[in-house]
Amino acid sequence: MSDGNQNPAAVPTLLPDVQGDGRWMSVHNHFVSSSKDKEPEVVFIGDSMVQLLHQFEIWRELFSPLHALNFGGLGEGTQHVLWRMENGELKHIKPKIIVLWVGTFNQGHTAEQVSGGIQAIVRCMQERQPQAKVVVLGLLPRGKNRNALRDRNKQVNELLTEAMPSMPNAIFLDVDPGFVHSDGTISHNDMYDYLHLSRQGYARICQPLQKALLQLLEGRGVPTRD
């Protein structure tokens, strides 16, 4: 494939330092260095949907007991998470499960490109952590009312549902509990800005997710959702 045909969502890319304070690179370096003395069973990796989860009590209630690490960044696309994975964040740990949640912040990319970017991250994880199961969380609907990005996220999930069975040790998990109401709207009680989750929104997702992770840790697999 020529450079002109490369999927931009699957090319490892540094996140632009818009604020000029190097915060993204500082966080990345912190993840690399702080993991040297850790032995996590589960590692969460992704964008701000992962990062913000760490700030809620539900993280300490449900995931800290699983010896989980949180490697979430802010506003990242798949290409930025891929860069982090290729530059040391998986070097010092050997988790049993890696939870990947990224894609909704990809700007200007098609559903096919976002899906390809996610699959590139999964392949990177499989190369560096062959013992780990990779759990890819589905993208959530977004926006108070139906919109193009919500439709794109739905299509990304459909593409991943088709692709994951052919990827060793990779599982696609739809974690949407039904955020879209019958009238097509999303409540601010679940997503305070119709994108990021509230405490209630995280609770609706994390309780079934924790059960799924426990089943995987116990070797029982994850049941398929209808």
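## Close-up views of a predicted model

**View 1. Helix α4 and its buried residues.** In α4, the buried residues are T78, Q79, H80, V81, L82, W83, R84 and M85. That makes 8 of the 9 residues of the helix, so α4 is largely enclosed by the rest of the structure. Keep in mind as you look around that this is a predicted model. What does the covering? For the buried residues of α4, the cover includes helices α1 and α5 (111-128) along with strands β1 (42-46), β2 and β3. Follow the chain just past the end of α4 and you come to G88, which takes a positive phi of about 105 degrees.

**View 2. Where α1 meets α4.** Here we pick out one of the elements that cover α4, namely α1. Two packed helices are described by the angle between their axes and the distance between the axes. For α1 and α4 (residues 78-86), the axes come within 11 Å and cross at roughly 40 degrees. An angle under 35 degrees would count as roughly parallel, and 65 to 115 as roughly perpendicular; α1 and α4 are therefore oblique to each other. The crossing in which α1 passes α4 is right-handed. Which residues make the contact? From α1 come W24, M25, H28 and F31, and they meet H80, W83 and R84 of α4. Sorted by class, this contact has 4 nonpolar, 2 polar and 1 charged residues.

**View 3. A closer look at M25.** M25 is part of helix α1, which covers residues 23-34. Is M25 buried, exposed or partly exposed? Its relative accessible area is 29%, and since buried means under 20% and exposed over 50%, M25 counts as partly exposed. Leaving aside residues up to four places away in sequence, M25 touches L14 and W83. W83 is one of the buried residues of α4, and it also belongs to the α1 contact in the previous view. For a sense of scale, try finding G219 as well: M25 and G219 are 194 residues apart in sequence and, C-alpha to C-alpha, 36 Å apart in space.

**View 4. The open sheet.** Strands of a sheet pair through backbone hydrogen bonds, either parallel or antiparallel. In this model, 5 strands form an open sheet with parallel pairing, and their order is β2-β1-β3-β4-β5. Which strands stand at the edges? They are β2 (68-72) and β5 (170-173); each has a single partner strand, so one side of each is left without a neighbour in the sheet. From one strand to the next, the twist averages 20 degrees.

**View 5. Strands β3 and β4 side by side.** Zoom in on the sheet and you'll find β3 (residues 97-101) paired with β4 in the parallel sense over 4 bridges. Two facing pairs are handy landmarks. V99 stands opposite V135 in β4, and L100 stands opposite V136 in β4. In a regular strand the side chains alternate between the two faces of the sheet. Strand β4 runs over residues 133-137 and is mostly covered, with 4 of its 5 residues buried.

**View 6. Helices α5 and α6 in contact.** Another pair of helices worth a stop is α5 and α6, whose axes come within 8 Å and cross at roughly 45 degrees. These two helices are therefore oblique to each other, and their crossing is right-handed. On the α5 side, the contact has A111, E112, V114, S115, I118 and Q119, and these meet R152, Q155, V156, L159, L160 and A163 in α6. By class, the residues of this contact divide into 7 nonpolar, 3 polar and 2 charged. Helix α5 may ring a bell, as it is among the elements that cover the buried residues of α4.

**View 7. Two loop residues with positive phi.** This last view takes in N169 and Y194. N169 sits in the loop between α6 (148-163) and β5. Its phi is near 60 degrees, a positive value in a residue other than glycine. With a relative accessible area of 37%, N169 is partly exposed. Further along the chain, Y194 is placed in the loop between β5 and α7 (199-217). Y194 is not a glycine, yet it has a positive phi of about 65 degrees. Is Y194 buried, exposed or partly exposed? At 23% relative accessibility, Y194 counts as partly exposed.

Definitions and conventions:
Residues are numbered from 1 along each chain as its sequence is written. This is a predicted model: local features need pLDDT of at least 70, side-chain atom pairs count only at pLDDT 80 or more; totals for chains, interfaces and linings use all residues. Side-chain values use heavy atoms; hydrogens and water are left out. Buried means under 20% relative accessible area, exposed over 50%, partly exposed in between (1.4 Å probe, protein chains only). Contact means heavy atoms within 4.5 Å. Axes are lines fitted to C-alpha atoms, for helices over the stretch in contact, and angles run from 0 to 180 degrees between N-to-C directions. Angles under 35 degrees count as roughly parallel, over 145 as roughly antiparallel, 65 to 115 as roughly perpendicular and the rest as oblique. A crossing is left-handed if the near helix is turned anticlockwise from the far one by less than a right angle, and right-handed if clockwise. Ala, Val, Leu, Ile, Met, Phe, Trp, Tyr, Cys and Pro count as nonpolar, Asp, Glu, Lys and Arg as charged, and the others, Gly among them, as polar. Two strands pair if DSSP finds at least two bridges between them.
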